[in-house]
Amino acid sequence: MRGMIEMAAIQTRLLPEEEQAVLRVLREGKTLSTGPEGAAFEKEFGEFIGCGDAVAVCNATAGLELCAVISGLKKGDEVILPAHTFVSSAVPFGRTGATLKWADIDPDTRLISAKTIEPLITSRTRMVVVVHLYGLCADMDPIMELARKHRLVVVEDCAQAPGAHYRGRRVGSLGDFACFSFHTQKNITTLGEGGMMTLKDKQNGTLARRLRWMGNWPFEEKRENYWKPAMGNIVEPAPGLWPSNYCMAEPNCAVGRLLIKRLDAINASRQAQAKKIKGLLADIPELSFQKINDGCEHVFHLMSARFDGTKDGKRRDDLIKLLHEKYSLKCIVQYWPLYRSELFSKFGFGKAEVPNTDQFFDNMISFPWWSDMGNELLEDMAERIRDAVGELRES
Ligand SMILES: Cc1ncc(COP(=O)(O)O)c(C=O)c1O
(Lines give C-alpha, C1' and ligand atoms only; values in the text may rest on other atoms or scores of the structure.)
Protein backbone atom coordinates (compact mmCIF):
# COMPACT_ATOMS: atom_id res chain seq x y z
CA MET A 1 0.00 0.00 0.00
CA ARG A 2 1.45 3.36 -1.02
CA GLY A 3 1.41 6.27 1.43
CA MET A 4 -1.60 8.57 1.29
CA ILE A 5 -1.13 11.82 -0.63
CA GLU A 6 -3.51 14.55 0.50
CA MET A 7 -3.86 18.33 0.46
CA ALA A 8 -1.30 20.08 2.67
CA ALA A 9 -2.74 22.26 5.41
CA ILE A 10 0.27 24.59 5.11
CA GLN A 11 0.78 25.45 1.45
CA THR A 12 4.14 27.25 1.70
CA ARG A 13 6.60 26.60 4.51
CA LEU A 14 8.47 29.53 6.06
CA LEU A 15 12.20 29.95 5.49
CA PRO A 16 14.48 30.30 8.56
CA GLU A 17 14.79 34.08 8.07
CA GLU A 18 11.00 34.36 8.04
CA GLU A 19 10.82 32.44 11.31
CA GLN A 20 13.53 34.74 12.65
CA ALA A 21 11.41 37.79 11.81
CA VAL A 22 8.79 36.57 14.31
CA LEU A 23 11.40 36.33 17.06
CA ARG A 24 12.81 39.74 16.15
CA VAL A 25 9.43 41.42 16.58
CA LEU A 26 8.77 39.57 19.84
CA ARG A 27 12.17 40.49 21.26
CA GLU A 28 12.16 44.12 20.13
CA GLY A 29 9.04 44.38 22.24
CA LYS A 30 7.76 47.57 20.56
CA THR A 31 4.21 46.38 20.13
CA LEU A 32 2.50 43.26 18.82
CA SER A 33 -0.38 45.04 17.07
CA THR A 34 -0.84 48.04 14.74
CA GLY A 35 2.78 49.20 14.77
CA PRO A 36 5.71 49.76 12.41
CA GLU A 37 5.64 46.28 10.84
CA GLY A 38 2.00 46.73 9.83
CA ALA A 39 2.65 50.19 8.39
CA ALA A 40 5.66 48.92 6.41
CA PHE A 41 3.76 45.82 5.20
CA GLU A 42 0.93 48.02 3.93
CA LYS A 43 3.33 50.33 2.08
CA GLU A 44 5.35 47.49 0.54
CA PHE A 45 2.28 45.45 -0.39
CA GLY A 46 0.63 48.51 -1.95
CA GLU A 47 3.75 49.14 -4.06
CA PHE A 48 3.93 45.47 -5.05
CA ILE A 49 0.31 45.49 -6.24
CA GLY A 50 0.39 49.00 -7.72
CA CYS A 51 -2.80 50.24 -6.05
CA GLY A 52 -3.86 53.50 -4.37
CA ASP A 53 -3.63 52.21 -0.79
CA ALA A 54 -3.33 48.95 1.15
CA VAL A 55 -4.76 48.25 4.61
CA ALA A 56 -3.70 45.20 6.65
CA VAL A 57 -6.55 43.24 8.24
CA CYS A 58 -6.85 40.07 10.31
CA ASN A 59 -8.16 38.04 7.35
CA ALA A 60 -9.68 38.51 3.91
CA THR A 61 -13.23 38.03 5.20
CA ALA A 62 -12.79 41.08 7.45
CA GLY A 63 -11.41 43.00 4.47
CA LEU A 64 -14.43 42.07 2.37
CA GLU A 65 -16.70 43.27 5.18
CA LEU A 66 -14.90 46.61 5.10
CA CYS A 67 -15.47 46.78 1.32
CA ALA A 68 -19.20 46.23 1.89
CA VAL A 69 -19.38 48.83 4.69
CA ILE A 70 -17.35 51.50 2.87
CA SER A 71 -19.44 51.04 -0.27
CA GLY A 72 -22.56 51.76 1.81
CA LEU A 73 -24.23 48.57 0.67
CA LYS A 74 -27.71 48.18 2.16
CA LYS A 75 -31.02 46.36 2.01
CA GLY A 76 -32.57 46.75 -1.43
CA ASP A 77 -29.21 46.88 -3.22
CA GLU A 78 -28.19 43.96 -5.41
CA VAL A 79 -24.76 42.36 -5.55
CA ILE A 80 -23.72 40.07 -8.43
CA LEU A 81 -21.26 37.35 -7.49
CA PRO A 82 -20.37 33.75 -8.31
CA ALA A 83 -22.02 30.88 -6.42
CA HIS A 84 -18.94 28.88 -7.35
CA THR A 85 -16.53 30.20 -4.71
CA PHE A 86 -15.55 29.93 -1.06
CA VAL A 87 -18.26 31.10 1.36
CA SER A 88 -16.28 34.21 2.42
CA SER A 89 -16.77 35.80 -1.01
CA ALA A 90 -20.49 36.18 -0.26
CA VAL A 91 -21.23 36.41 3.48
CA PRO A 92 -19.77 39.91 4.02
CA PHE A 93 -22.16 41.26 1.36
CA GLY A 94 -25.17 39.20 2.45
CA ARG A 95 -24.66 40.49 6.01
CA THR A 96 -25.54 44.04 4.88
CA GLY A 97 -29.07 42.98 3.90
CA ALA A 98 -28.32 43.40 0.20
CA THR A 99 -29.72 40.83 -2.26
CA LEU A 100 -27.22 38.31 -3.61
CA LYS A 101 -27.57 37.49 -7.33
CA TRP A 102 -25.65 34.40 -8.40
CA ALA A 103 -23.82 34.69 -11.73
CA ASP A 104 -22.92 31.58 -13.68
CA ILE A 105 -19.35 30.66 -14.57
CA ASP A 106 -17.85 30.37 -18.01
CA PRO A 107 -17.52 26.62 -18.63
CA ASP A 108 -13.91 26.90 -19.81
CA THR A 109 -12.31 29.36 -17.36
CA ARG A 110 -14.73 28.37 -14.55
CA LEU A 111 -14.90 32.05 -13.54
CA ILE A 112 -17.65 34.63 -13.94
CA SER A 113 -17.32 36.93 -16.96
CA ALA A 114 -18.92 40.07 -18.40
CA LYS A 115 -21.14 37.75 -20.42
CA THR A 116 -22.48 35.92 -17.34
CA ILE A 117 -22.76 39.11 -15.25
CA GLU A 118 -24.63 41.30 -17.76
CA PRO A 119 -28.01 39.50 -17.78
CA LEU A 120 -28.28 39.96 -14.00
CA ILE A 121 -27.86 43.74 -13.99
CA THR A 122 -30.96 45.71 -12.91
CA SER A 123 -31.56 49.27 -11.75
CA ARG A 124 -30.82 48.05 -8.18
CA THR A 125 -27.42 46.49 -8.92
CA ARG A 126 -24.72 48.26 -6.93
CA MET A 127 -21.77 45.89 -6.92
CA VAL A 128 -20.01 43.00 -8.64
CA VAL A 129 -17.70 40.67 -6.72
CA VAL A 130 -15.19 39.03 -9.05
CA VAL A 131 -13.31 36.03 -7.62
CA HIS A 132 -10.00 35.04 -9.21
CA LEU A 133 -10.74 31.45 -8.27
CA TYR A 134 -8.14 28.70 -7.98
CA GLY A 135 -5.51 31.37 -8.76
CA LEU A 136 -6.70 32.32 -12.26
CA CYS A 137 -7.28 35.99 -12.99
CA ALA A 138 -10.70 36.76 -14.46
CA ASP A 139 -10.95 38.64 -17.76
CA MET A 140 -11.24 42.05 -16.09
CA ASP A 141 -11.32 44.58 -18.99
CA PRO A 142 -14.81 43.64 -20.24
CA ILE A 143 -16.03 43.38 -16.62
CA MET A 144 -14.70 46.86 -15.77
CA GLU A 145 -16.21 48.29 -18.96
CA LEU A 146 -19.61 46.84 -18.07
CA ALA A 147 -19.30 48.05 -14.48
CA ARG A 148 -18.41 51.60 -15.56
CA LYS A 149 -21.36 51.66 -17.96
CA HIS A 150 -23.76 50.74 -15.14
CA ARG A 151 -21.87 52.62 -12.36
CA LEU A 152 -21.20 49.47 -10.35
CA VAL A 153 -18.59 49.07 -7.63
CA VAL A 154 -16.16 46.25 -8.46
CA VAL A 155 -14.63 44.18 -5.65
CA GLU A 156 -11.89 41.72 -6.58
CA ASP A 157 -11.61 38.70 -4.29
CA CYS A 158 -7.89 37.94 -4.71
CA ALA A 159 -7.67 35.50 -1.80
CA GLN A 160 -6.54 32.72 -4.12
CA ALA A 161 -4.50 34.73 -6.61
CA PRO A 162 -1.90 36.89 -4.84
CA GLY A 163 0.62 38.27 -7.32
CA ALA A 164 -1.26 37.19 -10.46
CA HIS A 165 -1.11 39.61 -13.40
CA TYR A 166 -3.78 40.73 -15.81
CA ARG A 167 -2.44 42.37 -18.97
CA GLY A 168 0.65 43.65 -17.18
CA ARG A 169 -1.08 44.78 -13.97
CA ARG A 170 -1.48 42.83 -10.76
CA VAL A 171 -4.85 41.64 -9.52
CA GLY A 172 -5.94 43.88 -6.68
CA SER A 173 -5.20 47.02 -8.72
CA LEU A 174 -7.99 46.53 -11.25
CA GLY A 175 -11.29 47.04 -9.40
CA ASP A 176 -12.37 49.63 -6.83
CA PHE A 177 -11.54 47.38 -3.87
CA ALA A 178 -9.77 44.05 -3.43
CA CYS A 179 -8.90 41.63 -0.65
CA PHE A 180 -6.09 39.14 -0.20
CA SER A 181 -5.89 36.24 2.24
CA PHE A 182 -2.80 34.95 4.02
CA HIS A 183 -4.61 31.99 5.58
CA THR A 184 -2.56 28.81 6.15
CA GLN A 185 -3.85 27.27 2.92
CA LYS A 186 -3.00 30.18 0.65
CA ASN A 187 0.02 30.63 -1.66
CA ILE A 188 1.63 32.69 1.13
CA THR A 189 0.61 32.65 4.79
CA THR A 190 1.28 35.07 7.63
CA LEU A 191 1.35 32.50 10.45
CA GLY A 192 -2.04 31.01 9.59
CA GLU A 193 -4.21 34.12 9.40
CA GLY A 194 -3.90 37.55 7.85
CA GLY A 195 -5.25 39.66 5.05
CA MET A 196 -4.79 42.81 3.03
CA MET A 197 -7.35 45.11 1.53
CA THR A 198 -6.24 47.13 -1.50
CA LEU A 199 -8.07 50.20 -2.71
CA LYS A 200 -8.07 52.44 -5.73
CA ASP A 201 -8.93 55.55 -3.72
CA LYS A 202 -6.60 56.73 -0.89
CA GLN A 203 -9.47 58.38 1.00
CA ASN A 204 -11.17 55.00 1.34
CA GLY A 205 -7.91 53.70 2.83
CA THR A 206 -8.16 56.25 5.65
CA LEU A 207 -11.79 55.32 6.20
CA ALA A 208 -10.85 51.60 6.33
CA ARG A 209 -8.24 52.38 9.02
CA ARG A 210 -10.78 54.35 11.06
CA LEU A 211 -13.18 51.40 10.82
CA ARG A 212 -10.50 48.79 11.49
CA TRP A 213 -9.78 49.50 15.15
CA MET A 214 -12.97 50.48 16.94
CA GLY A 215 -12.80 54.13 15.89
CA ASN A 216 -9.62 54.63 17.96
CA TRP A 217 -8.00 57.55 16.20
CA PRO A 218 -5.48 60.18 17.31
CA PHE A 219 -6.80 63.64 18.22
CA GLU A 220 -6.25 65.76 15.16
CA GLU A 221 -6.00 69.11 17.02
CA LYS A 222 -3.07 70.00 19.28
CA ARG A 223 -3.85 69.44 22.99
CA GLU A 224 -2.50 71.30 25.99
CA ASN A 225 -2.32 68.12 28.15
CA TYR A 226 -1.62 64.83 26.39
CA TRP A 227 -3.87 62.90 28.83
CA LYS A 228 -6.92 65.16 28.38
CA PRO A 229 -9.69 64.46 27.76
CA ALA A 230 -8.15 60.95 27.33
CA MET A 231 -5.20 59.32 25.63
CA GLY A 232 -6.88 58.90 22.24
CA ASN A 233 -10.05 59.93 20.56
CA ILE A 234 -12.92 57.59 19.63
CA VAL A 235 -14.37 58.77 16.35
CA GLU A 236 -17.33 57.95 14.17
CA PRO A 237 -15.39 56.54 11.17
CA ALA A 238 -17.91 58.05 8.72
CA PRO A 239 -21.50 59.26 9.19
CA GLY A 240 -23.63 56.38 10.45
CA LEU A 241 -20.88 53.73 10.46
CA TRP A 242 -19.94 51.64 13.50
CA PRO A 243 -16.29 50.51 13.67
CA SER A 244 -15.01 47.03 14.52
CA ASN A 245 -11.69 45.32 15.32
CA TYR A 246 -10.02 43.82 12.25
CA CYS A 247 -6.35 44.46 13.12
CA MET A 248 -3.49 42.26 11.98
CA ALA A 249 -0.73 41.38 14.48
CA GLU A 250 2.85 42.66 14.09
CA PRO A 251 4.69 39.30 13.89
CA ASN A 252 2.32 38.28 11.08
CA CYS A 253 3.02 41.52 9.22
CA ALA A 254 6.79 41.03 9.63
CA VAL A 255 6.51 37.61 7.97
CA GLY A 256 4.25 39.03 5.26
CA ARG A 257 6.87 41.67 4.38
CA LEU A 258 9.41 38.94 3.65
CA LEU A 259 6.95 36.70 1.84
CA ILE A 260 5.96 39.31 -0.73
CA LYS A 261 9.64 39.48 -1.72
CA ARG A 262 9.49 35.84 -2.80
CA LEU A 263 5.84 35.65 -3.90
CA ASP A 264 6.75 35.83 -7.60
CA ALA A 265 9.22 32.97 -7.16
CA ILE A 266 6.65 30.90 -5.23
CA ASN A 267 4.09 31.48 -7.98
CA ALA A 268 6.64 30.66 -10.70
CA SER A 269 7.40 27.36 -9.04
CA ARG A 270 3.68 26.56 -8.70
CA GLN A 271 3.29 27.36 -12.40
CA ALA A 272 6.16 24.99 -13.24
CA GLN A 273 4.49 22.30 -11.10
CA ALA A 274 1.19 22.87 -12.89
CA LYS A 275 2.88 22.58 -16.30
CA LYS A 276 4.49 19.33 -15.23
CA ILE A 277 1.34 17.64 -13.89
CA LYS A 278 -0.84 18.86 -16.74
CA GLY A 279 1.76 17.51 -19.17
CA LEU A 280 1.79 14.16 -17.41
CA LEU A 281 -2.03 13.98 -17.57
CA ALA A 282 -2.39 15.40 -21.09
CA ASP A 283 -3.26 12.04 -22.60
CA ILE A 284 -6.31 11.58 -20.38
CA PRO A 285 -9.06 13.21 -22.47
CA GLU A 286 -11.61 12.81 -19.68
CA LEU A 287 -9.73 15.42 -17.62
CA SER A 288 -9.86 19.11 -18.56
CA PHE A 289 -8.20 22.02 -16.76
CA GLN A 290 -9.14 25.71 -16.52
CA LYS A 291 -8.65 27.55 -19.81
CA ILE A 292 -6.20 30.42 -19.38
CA ASN A 293 -7.18 33.24 -21.72
CA ASP A 294 -4.58 35.63 -23.17
CA GLY A 295 -3.43 38.16 -20.59
CA CYS A 296 -4.90 36.25 -17.61
CA GLU A 297 -2.16 34.80 -15.43
CA HIS A 298 -2.79 31.69 -13.31
CA VAL A 299 -0.83 31.32 -10.05
CA PHE A 300 -2.24 27.84 -9.29
CA HIS A 301 -3.54 28.17 -5.78
CA LEU A 302 -5.30 24.86 -6.48
CA MET A 303 -5.03 22.15 -9.11
CA SER A 304 -8.64 21.58 -10.10
CA ALA A 305 -9.96 19.71 -13.11
CA ARG A 306 -13.18 18.53 -14.58
CA PHE A 307 -13.62 14.78 -15.04
CA ASP A 308 -16.11 14.04 -17.76
CA GLY A 309 -16.51 10.36 -17.04
CA THR A 310 -15.53 7.35 -19.08
CA LYS A 311 -17.51 6.03 -22.04
CA ASP A 312 -19.00 3.40 -19.74
CA GLY A 313 -20.58 5.97 -17.48
CA LYS A 314 -18.02 6.00 -14.67
CA ARG A 315 -18.25 9.38 -13.04
CA ARG A 316 -16.24 11.76 -10.87
CA ASP A 317 -17.40 10.09 -7.65
CA ASP A 318 -16.17 6.71 -8.92
CA LEU A 319 -12.79 8.25 -9.63
CA ILE A 320 -12.45 9.94 -6.22
CA LYS A 321 -13.52 6.75 -4.45
CA LEU A 322 -11.11 4.56 -6.40
CA LEU A 323 -8.23 7.03 -6.00
CA HIS A 324 -8.81 7.17 -2.28
CA GLU A 325 -9.46 3.51 -1.54
CA LYS A 326 -7.02 1.81 -3.89
CA TYR A 327 -4.47 4.42 -4.92
CA SER A 328 -4.16 6.37 -1.64
CA LEU A 329 -4.68 9.73 -3.32
CA LYS A 330 -7.17 11.87 -1.43
CA CYS A 331 -8.92 14.28 -3.80
CA ILE A 332 -11.69 16.68 -2.81
CA VAL A 333 -14.53 18.72 -4.33
CA GLN A 334 -14.27 22.53 -4.22
CA TYR A 335 -16.59 24.44 -4.02
CA TRP A 336 -20.14 23.64 -3.12
CA PRO A 337 -22.28 26.14 -5.07
CA LEU A 338 -23.23 28.54 -2.31
CA TYR A 339 -26.90 28.72 -3.23
CA ARG A 340 -27.20 24.97 -2.55
CA SER A 341 -25.95 25.34 1.04
CA GLU A 342 -28.16 25.64 4.12
CA LEU A 343 -26.75 29.04 5.05
CA PHE A 344 -27.71 30.85 1.86
CA SER A 345 -31.03 29.00 1.51
CA LYS A 346 -32.04 30.10 5.01
CA PHE A 347 -31.36 33.71 4.06
CA GLY A 348 -33.46 33.41 0.91
CA PHE A 349 -30.69 32.95 -1.65
CA GLY A 350 -31.28 29.27 -2.28
CA LYS A 351 -32.13 29.49 -5.98
CA ALA A 352 -29.97 30.20 -9.02
CA GLU A 353 -29.99 29.68 -12.78
CA VAL A 354 -26.38 28.57 -13.13
CA PRO A 355 -26.16 25.46 -15.34
CA ASN A 356 -22.40 25.72 -15.94
CA THR A 357 -21.75 26.00 -12.20
CA ASP A 358 -23.95 22.98 -11.50
CA GLN A 359 -22.34 20.92 -14.20
CA PHE A 360 -18.83 21.82 -13.13
CA PHE A 361 -19.52 21.16 -9.45
CA ASP A 362 -20.95 17.75 -10.18
CA ASN A 363 -17.88 16.78 -12.19
CA MET A 364 -14.97 18.61 -10.58
CA ILE A 365 -12.03 17.11 -8.78
CA SER A 366 -9.31 18.92 -6.84
CA PHE A 367 -5.96 17.16 -6.55
CA PRO A 368 -3.62 17.48 -3.55
CA TRP A 369 -1.51 20.59 -4.08
CA TRP A 370 1.04 22.79 -2.30
CA SER A 371 4.28 24.66 -3.00
CA ASP A 372 7.47 22.72 -3.79
CA MET A 373 5.91 19.29 -4.32
CA GLY A 374 8.89 18.10 -6.34
CA ASN A 375 8.96 16.10 -9.59
CA GLU A 376 9.03 12.69 -7.95
CA LEU A 377 5.80 13.28 -6.07
CA LEU A 378 4.11 14.84 -9.11
CA GLU A 379 5.08 11.84 -11.22
CA ASP A 380 3.82 9.47 -8.55
CA MET A 381 0.54 11.38 -8.29
CA ALA A 382 0.10 11.40 -12.09
CA GLU A 383 0.73 7.66 -12.24
CA ARG A 384 -1.92 6.98 -9.61
CA ILE A 385 -4.43 9.12 -11.54
CA ARG A 386 -3.56 7.49 -14.85
CA ASP A 387 -3.88 4.00 -13.37
CA ALA A 388 -7.20 4.79 -11.69
CA VAL A 389 -8.72 6.29 -14.85
CA GLY A 390 -7.43 3.31 -16.86
CA GLU A 391 -9.07 0.95 -14.38
CA LEU A 392 -12.37 2.84 -14.60
CA ARG A 393 -12.29 2.63 -18.38
CA GLU A 394 -11.94 -1.15 -18.20
CA SER A 395 -14.43 -1.82 -15.41
C1 LIG B 1 -12.03 32.91 -2.57
C2 LIG B 1 -11.83 33.22 -1.12
N3 LIG B 1 -12.28 34.38 -0.64
C4 LIG B 1 -12.12 34.73 0.65
C5 LIG B 1 -11.49 33.90 1.53
C6 LIG B 1 -11.38 34.29 2.96
O7 LIG B 1 -10.08 34.39 3.40
P8 LIG B 1 -9.78 34.44 4.97
O9 LIG B 1 -9.70 33.04 5.45
O10 LIG B 1 -8.44 35.14 5.04
O11 LIG B 1 -10.84 35.21 5.62
C12 LIG B 1 -10.98 32.67 1.09
C13 LIG B 1 -10.28 31.77 2.02
O14 LIG B 1 -10.27 30.60 1.96
C15 LIG B 1 -11.16 32.31 -0.29
O16 LIG B 1 -10.72 31.15 -0.76
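Domain bounds here come from an automatic or database domain assignment. For this chain, the assignment gives domain 1 (16-262) and domain 2 (263-394), and their centres, taken over C-alpha atoms, are 28 Å apart. Where the two touch (heavy atoms within 4.5 Å), domain 1 supplies 45 residues and domain 2 supplies 43 residues.

A word on the model: it is predicted, with local features needing pLDDT of at least 70 and side-chain atom pairs counting only at pLDDT 80 or more, while totals for chains, interfaces and linings use all residues. Residues are numbered from 1 along each chain as its sequence is written, and side-chain values use heavy atoms, leaving out hydrogens and water.

Now to the ligand. It has 15 residues around it (a heavy atom within 4 Å), and Ala60, Thr61, Asp157, Ser181 and Lys186 come nearest. By class, this shell holds four nonpolar, nine polar and two charged residues; Asp, Glu, Lys and Arg count as charged, Ala, Val, Leu, Ile, Met, Phe, Trp, Tyr, Cys and Pro as nonpolar, and the others, Gly among them, as polar.

Three side chains make polar contacts with the ligand (N or O atoms within 3.5 Å):

| Residue | Ligand atom | Distance |
|---|---|---|
| Asp157 | nitrogen | 2.7 Å |
| Ser181 | oxygen | 2.7 Å |
| Lys186 | oxygen | 2.5 Å |

The protein covers 94% of the 400 Å² of accessible area (Shrake-Rupley method, 1.4 Å probe) that the ligand has on its own.

Key
Polar contact = N/O pair within 3.5 Å; in protein donor to acceptor, adjacent residues only side chain to side chain.
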